[in-house]
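Here is a friendly walk through one protein chain, helix by helix. Have a look at the sequence and the fold first, and then read on.

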Amino acid sequence: MSGNDEVDIHNAKAQKREEGRRRARELSTRKNRKQDNISTRHGAKNQDRHKNFAKWILSTFPHVIDECGSASDNTGGSEPTRRHILDVAGGKGELSARLSLCHTLRVVMIDPRAADIASVYMNTIAPRLPNKWQVAIQERLANSPSFVEDELEKRFTQLVVPFTVPSNLLLPDKPSGDAFGERKMLFQKGMSPKLHTSVQNAALLIGLHSDGATEAIVDAALYYGKPFVVVPCCVFPNLFTNRYI
């Protein structure tokens, strides 16, 4: 190796260390700004809804810890057979970021808009974490500026598509026998292959304020026999004229 090559390698490492220090400083600055600001928001506070929902999921569905955690990854990297939590209509991705980065679970998120999960984690989640976690993040950033992206690559995937299922195939009142099996087959054929695989390999389907996809989550979970939880918000009366309260 020539002297110039050694200099280039040294410079590259120095640049990576400096980038990690810069991101650590930004994290510290955001934390200080958060402490200085006084919230003027009226009404119920819901800024912790993703954190509280994630904790509730793990306590209510403990099987996802075994099936979707890194310890369960004994498939030799065969992605289609790995279990995951399916986060439908995940929006900006805060819930997926918490599950995949804070709780080290595999997550597949479905949303028609691409999300920058690393940015959400660094700008929204990390400044709210306990101090010891923030210190650990700063240290890891100093040693490896890309560690957030590296962790996401291991456990997070997004399908940038809407979550749609056939709406004209309803479960029979008493599903049994060939009739139910035939309807289930038609239901699966009506979904795209990627959506079919994402639901088939899911250990749990979730939707936090999943808007128009809420009913589709319930339908898919019933057809595939998957546990699910949804926290609906809007009723979309123009799309679902038969809904009423």
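## A buried glutamate

Apart from neighbours within four places in sequence, E151 makes contact with L101 and R140. This glutamate belongs to helix 7. Is E151 buried or exposed? Its relative accessible area is 13%, and because buried means under 20%, E151 counts as buried. Please keep in mind that the model is a predicted one.

## The chain as a whole

To place that residue in its setting, here is the overall picture. The chain holds 10 helices and 5 strands. Of its 245 residues, 37% are buried. If you take the contacts between residues at least 6 apart in sequence, 68% of them join residues at least 24 apart.

## The buried side of helix 7

E151 has company in helix 7: F147, V148, L152 and R155 are buried along with E151. These residues span an arc of only 135° around the axis, so they sit on the same side of helix 7.

What do the buried residues of helix 7 pack against? Their partners are helix 4 (94–102), strand 2 (107–110), helix 5, helix 6 (131–143) and strand 3 (156–159).

## Helix 5 against helix 7

One of those partners, helix 5, deserves a closer look. Helix 5 covers residues 117–125 and helix 7 residues 147–155; their axes come within 9 Å and cross at roughly 130°. That angle makes helix 5 oblique to helix 7. The crossing of helix 5 with helix 7 is right-handed.

Which residues make the contact? Helix 5 contributes I117, A118, Y121 and M122, while helix 7 brings V148, E149 and L152. Sorted by class, the contact of helix 5 with helix 7 has 6 nonpolar residues, 1 charged residue and no polar ones. V148 and L152 also appear among the buried residues of helix 7.

## Helix 2 against helix 4

Helix 4, another partner of the buried residues of helix 7, also meets helix 2. The axes of helix 2 (residues 49–60) and helix 4 come within 9 Å, with a crossing angle of roughly 50°. The two helices are therefore oblique to each other, and they cross in a right-handed sense.

On the helix 2 side of this contact you will find H50, K51, F53 and A54, and on the helix 4 side E94, L95, R98 and L99. How do the residues of this contact divide by class? There are 4 nonpolar, 1 polar and 3 charged residues where helix 2 meets helix 4.

## Positive phi in the loops

Two residues other than glycine are worth a visit for their backbone angles. T104, which is not a glycine, has a positive phi of about 50°. T104 lies in the loop between helix 4 and strand 2. With 35% relative accessibility, T104 counts as partly exposed.

H209 is likewise a residue other than glycine with a positive phi, near 55°. Its place is the loop between strand 4 (202–208) and helix 10. At 33% relative accessibility, H209 is classed as partly exposed.

## Helix 10 and the glycine after it

Beyond the H209 loop comes helix 10, which spans residues 214–224. Which residues of helix 10 are buried? They are T214, A216, I217, A220, A221, Y223 and Y224. Helix 10 is followed by G225, a residue whose phi is positive, near 70°.

Definitions and conventions
Residues are numbered from 1 along each chain as its sequence is written. This is a predicted model: local features need pLDDT of at least 70, side-chain atom pairs count only at pLDDT 80 or more; totals for chains, interfaces and linings use all residues. Side-chain values use heavy atoms; hydrogens and water are left out. Axes are lines fitted to C-alpha atoms, for helices over the stretch in contact, and angles run from 0 to 180 degrees between N-to-C directions. Helices (H or I, at least four residues) and strands (E, at least two) are DSSP runs, numbered from the N terminus. Angles under 35 degrees count as roughly parallel, over 145 as roughly antiparallel, 65 to 115 as roughly perpendicular and the rest as oblique. A crossing is left-handed if the near helix is turned anticlockwise from the far one by less than a right angle, and right-handed if clockwise. Contact means heavy atoms within 4.5 Å. Ala, Val, Leu, Ile, Met, Phe, Trp, Tyr, Cys and Pro count as nonpolar, Asp, Glu, Lys and Arg as charged, and the others, Gly among them, as polar. Buried means under 20% relative accessible area, exposed over 50%, partly exposed in between (1.4 Å probe, protein chains only). The arc is that of the directions from the helix axis to the C-beta atoms.
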